[in-house]
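Please look over the structure shown here and follow the report below, which takes up aromatic contacts and then the arrangement of a sheet and its helices.

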Amino acid sequence: MKRSSRLLGTLTPLMMMTAGCGPELVADSMPGPVGVTRSSLVLDNQKFKVNTNISSGERCRVPQSLLADFQPNRQLLIRRGTALRGLCTVETTASASGDFEMSQTGFDNRVKLSGDAATETGSVVQVANEYVAGSAPAIAESASSLNEANTNSSGKVMEYTQRPSGSVVAYTVPHPFEKGTFEQGALIHTADTQRNAIWAAAINNNQRGSLSRYHITATELSGASFPGLGSFLTNRIPYAVSFHGETSCTTSEVKVGGGIELPFRQGVAEIIREALNDPSLRVHWKSGVCFDGSDDDNFVNAMSVDFRGVQLEQDSTIILSDTSRRDTVANAAKSVFDCLIDDADNAPTVTSATTWSANSGGTDYVSAGTCKRFIAEIELPNVAGGHTLSAGASTCVTGHSAHVDYYRWTMGSGGVGYWVRMGGGNLTYADNGAGCSTVFSSEVGYSYVHPGAVGSGSIGTTRLRAVVRASDASGAAVPAFFSVQ
């Protein structure tokens, strides 16, 4: 079996307001539209003061006379001498003192040097709304490669952006100092630079442990300050994934969040969990466990059609500091989208019949394409009451198992199509005393989701895809099937 690859859908530019992003906090407001400010400014000999009314350690207030140039909801650069000291997001409210202002936390982490007073600096700070003369409001310089971004961003902010024609999924790294996330983005992008679009920020050579200096909450990242990101915000892509690292979540090692539908999040979590193959590692997808990232202002949602981004929060020590686990998570996430991009294993994929089935006929699907699972796809007429779906191992054998993902093709905003996950999950085959039967997972948090009847109606068609990996007791692949009744 030889499986080819095609990129799904015809991409149509979707114009929208630039939106920020955020796993950690909800933005007070969306960043302003991509454009230029009235002036490009590098101001030397500025003073910063503490303002206890500023709630966030990432935000700053600008003198009223400068708000037209350092516009609200965008980022600016803070330098002490030649060293990049920090970033901050400009608040809508002007400073009360006539100087630049930050919270005590922001002042201590992003401005203050030894010798400064506890609550204000002397007039020795440089602020800028550009990375080079005339570039305002862009503070991020375009990098020509991931390597350049990673090794040539000392003392500055860079971004690497690549979106090949026809690509339908983008992998993103908003916080490169969260160790291992830049490497995850690079791993996936370089695996296939034509299939996997990327936006990766780079700050001060991605210096580790500098979260308190450079971190900008994902709901507040501005596409004007980061034009590469802005290019996705003004022309959304069907799927987007963001990689994050964290140390404050004590209930999960990997959290799958984002604005995409919960069944899709569950499917991603199941595949990551399967790939890690370690019951001590907790992988969650439901809301209420650590960082959810489902707000529309989360950049990974805002850059994807109909706000369906996927956000991955990972334990910085247990996952990201372990190269094997880090790469496993990245490749598992990638595999979900590979199985939506690769062609189906069956042909043709359209029928006038109202019932249909496909069988892998063997296990060649494991090696046929980038997706290492059986892909079965069909578009067939709608019927009264809808169709029922089934998939799994072709033959019921006690001790065998399968993982199933059911998808339905949907036309989104601007006529851009994508796959919506309707259900599926893990199933096993067991002796019920009278023969072999299917047992659907009932594990809390990972119970099998039956998709129910689909394609109900007297006119029109429905396009369906099932992605199946069926295995014997040793984990070796066995033949798989997908049936529509």
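## Aromatic pairs

In this predicted model, a search of the whole structure finds 15 aromatic pairs. One of them joins Phe70 and Phe100, whose ring centres are 6.0 Å apart and whose planes stand at 90°, so the pair is edge-to-face, given that planes over 60 degrees apart count as such. Phe70 belongs to the loop between β3 (59-61) and β4 (75-80), whereas Phe100 belongs to strand β6 (residues 100-102), and the pair therefore ties together parts that are 30 residues apart in sequence. Phe70 is buried, with a relative accessible area of 2%, and Phe100 also counts as buried, at 0% relative accessibility.

Another edge-to-face pair is formed by Tyr171 and Phe337, with ring centres 6.4 Å apart and planes at 85°. Because Tyr171 lies in strand β10 (residues 169-173) and Phe337 in helix α8, this pair ties together parts that are 166 residues apart in sequence. Tyr171 is buried at 1% relative accessibility, and Phe337 is buried with a relative accessible area of 2%. Ring pairs link these two residues with Tyr239, Phe243, Phe264 and Tyr407 into a cluster.

## Charges over rings

Two arginines can be described together with an aromatic ring. Arg236 lies over the face of Phe307, at 4.7 Å from the ring centre, while the charged end of Arg273 sits over the ring of Tyr446, 4.1 Å from its centre.

## The five-stranded sheet

An open sheet of 5 strands follows the order β17-β22-β19-β20-β21, and its pairing is antiparallel. The edge strands are β17 (374-381) and β21 (436-440), each of which pairs on one side only. Neighbouring strands of this sheet are turned by 30° against each other on average, with direction ignored.

Within the sheet, strand β19 (residues 401-411) pairs with strand β22 (residues 461-471) in the antiparallel sense, over 8 bridges. Tyr406 stands opposite Ala466, the latter being in β22.

## Helices on the sheet

Helix α6 (residues 262-276) lies across β19 and β20 (417-431), and runs at about 50° to β20. Helix α8 (residues 323-341) packs on the sheet as well, where it touches β17, β19, β20 and β22, and its direction makes about 130° with that of β22. Helix α8 is also the element that holds Phe337, one of the residues of the aromatic cluster.

Definitions and conventions. Residues numbered from 1 in each chain as written. Predicted model: local features only at pLDDT ≥ 70, side-chain atom pairs only at ≥ 80, totals over all residues. Heavy atoms only, no water. Pairing = 2+ DSSP bridges. Helix = DSSP H or I, 4+ residues; strand = E, 2+ residues; numbered from the N terminus. Axes fitted to C-alpha atoms, helices over the stretch in contact; angles between N-to-C directions. Contact = heavy atoms within 4.5 Å. Phe/Tyr/Trp six-rings, centres within 6.5 Å; stacked < 30°, edge-to-face > 60°. Buried < 20%, exposed > 50% of the residue type's maximum accessible area, 1.4 Å probe, protein only. Lys NZ or Arg CZ within 6 Å of the ring centre and 35° of its normal.
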